Amino acid sequence: MSLNGQTVCVTGASSGIGAACVDTFANAGARLLICARRSDRLHERVASLCEAGIEAYAFELDVRDRAAVAASFAGLPADWQCIDILINNAGLSRGLEPLQEGLLDDWDEMLETNVQGLLYVSRAVLPGMVERGSGHLINIGSIAGREVYPNGAVYCASKHAVGAITQGMRLDLSGTGVKVSILDPGLVNTEFSKVRFHGDQDRADKTYLGMTPLGGVDVASAVRWVAEQPAHVNVAEVLLFPSDQASATVVHRRS
Ligand code: NDP
Ligand code: 8X3
């Protein structure tokens with residue numbers, strides 16, 4: 001399916017995979033509706049996209065704020081109301097320690113963002129897709145939604161929930177013309193690890209030591225491929241690893 005002229009909404013578009021999806025879908029001729037909390041970054045991006053002749057619209061959104069999610073999508077300008085593709089990408093991890101030492105605020109933030117936030121945005125966007133009889137929802141899951149690794153119980157639980165929600169959405173939307181897909185990346189070098197380690201860049205860098213991780217653009221290319229399939233084809237699930245990764249815990253590192 002051509003993405004030319006399609007309206008694509010990307011949550012968490014201010015960095016990493018989300019920002020790469022914005023570039024990739026813009027190159028494919030899509031119209032970009034982008035949101036995140038760091039709206040300064042988004043507005044800069046919109047300005048450069050518009051300069052390049054690409055239609056784009058940004059709004060500040062914390063996906064955990066259910067009233068703000070509902071109001072933001074309901075209040076979009078008329079020409080941005082019909083969303084063809086929703087990329088549910090906003091998400092994060094906080095902390096990497098044994099459950100018995102975990103910080104409750106970290107747990108709340110992960111579950112509220114990765115699970116509730118994804119649900120709130122989907123609930124705001126899906127009725128329009130169902131009414132129009134077409135649309136595509138692409139959830140960014142993780143290898144952490146397929147495996148559980150030490151010290152990652154709550155993040156892994158949040159991504160397992162994304163997997164379950166994706167399956168449930170596909171069942172509930174069967175026959176509506178709305179497709180639902182999930183893309184599960186392995187290690188991607190973005191701001192993810194810096195956020196996980198509360199700003200500790202040295203510790204974040206060690207995550208990718210001696211191996212070649214994916215970049216946001218690799219994930220974005222796969223998301224584009226999922227979105228470009230013809231209407232009768234749904235890529236239900238994708239697992240995307242760097243070549244140096246074989247599972248959540250088996251990563252080949254050169255010394
Ligand atoms: P980044 O930290 O680079 O990007 C995360 C994005 O999510 C940012 O744009 C951030 O924007 C946004 N975000 C976080 N919290 C909120 C919130 N409450 N409301 C709105 N937006 C929010 O990490 P990635 O690009 O790597 O992460 C993107 C997705 O990919 C996440 O769902 C992550 O779990 C998943 N993932 C990442 C992997 C990796 O190794 N990097 C592997 C597998 C999956 P802002 O702070 O401006 O709000
Ligand atoms: C992000 C990848 O392995 O840190 O979802 O969980 S991992």
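Here are some quick notes on the ligand 2 site and the internal cavities of this predicted model.

1. Start with who sits around ligand 2. The shell is made up of Ser-142, Ile-143, Ala-144, Tyr-149, Tyr-155, Gly-186, Phe-192 and Arg-196. Sorted by class, that gives 5 nonpolar, 2 polar and 1 charged residues. Tyr counts as nonpolar in this scheme and Gly as polar, so keep that in mind when you read the split.

2. Now the polar contacts from the ligand. The side chain of Ser-142 has an N or O atom 2.5 Å from an oxygen of ligand 2. For the side chain of Tyr-149, the corresponding distance to a ligand oxygen is 2.6 Å. Arg-196 also takes part, with a side-chain N or O atom 3.3 Å from an oxygen atom of ligand 2. As for burial, ligand 2 on its own has 240 Å² of accessible area, and the protein covers 89% of that.

3. How many cavities of 30 Å³ or more turn up? The count comes to 2. The largest cavity holds about 90 Å³ of space, and the second largest about 40 Å³.

4. A closer look at the largest cavity. Its lining has 15 residues, and the ones nearest the centre are Glu-97, Trp-107, Met-110, Asn-151 and Val-154. Two elements give two or more residues to this lining: helix 4 (104-132) and helix 5 (153-172). Which of the elements gives the most to it? That would be helix 5, with 3 residues. The class make-up of the lining is 7 nonpolar, 5 polar and 3 charged residues.

5. Then the second largest cavity. Its lining consists of Thr-11, Val-63, Asn-88, Asn-89, Ala-90, Thr-113, Gly-117, Leu-118 and Val-121. Helix 4 supplies the largest share here, 4 residues. By class, the lining divides into 4 nonpolar and 5 polar residues, with no charged ones.

6. One thread to follow on screen is helix 4. This helix gives two or more residues to the lining of the largest cavity, and the largest share of the lining of the second largest cavity comes from it too. Charge is another thing to look at: 3 charged residues line the largest cavity, while the lining of the second largest has none. Back at ligand 2, the shell has 1 charged residue, and Arg-196 is among the residues there.

Terms used: Residues numbered from 1 in each chain as written. Chains lettered and ligands numbered in written order. Predicted model: local features only at pLDDT ≥ 70, side-chain atom pairs only at ≥ 80, totals over all residues. Heavy atoms only, no water. Near = heavy atom within 4 Å. Polar contact = N/O pair within 3.5 Å; in protein donor to acceptor, adjacent residues only side chain to side chain. Areas by Shrake-Rupley, 256 points an atom, 1.4 Å probe, with all protein chains shown as cover. 1 Å grid on protein atoms, 1.4 Å probe; cavity = no way out; pocket = protein on both sides within 12 Å on 5 of 7 lines; lining within 4 Å. Points joined across faces, edges and corners; volume = space filled by probe spheres on them.
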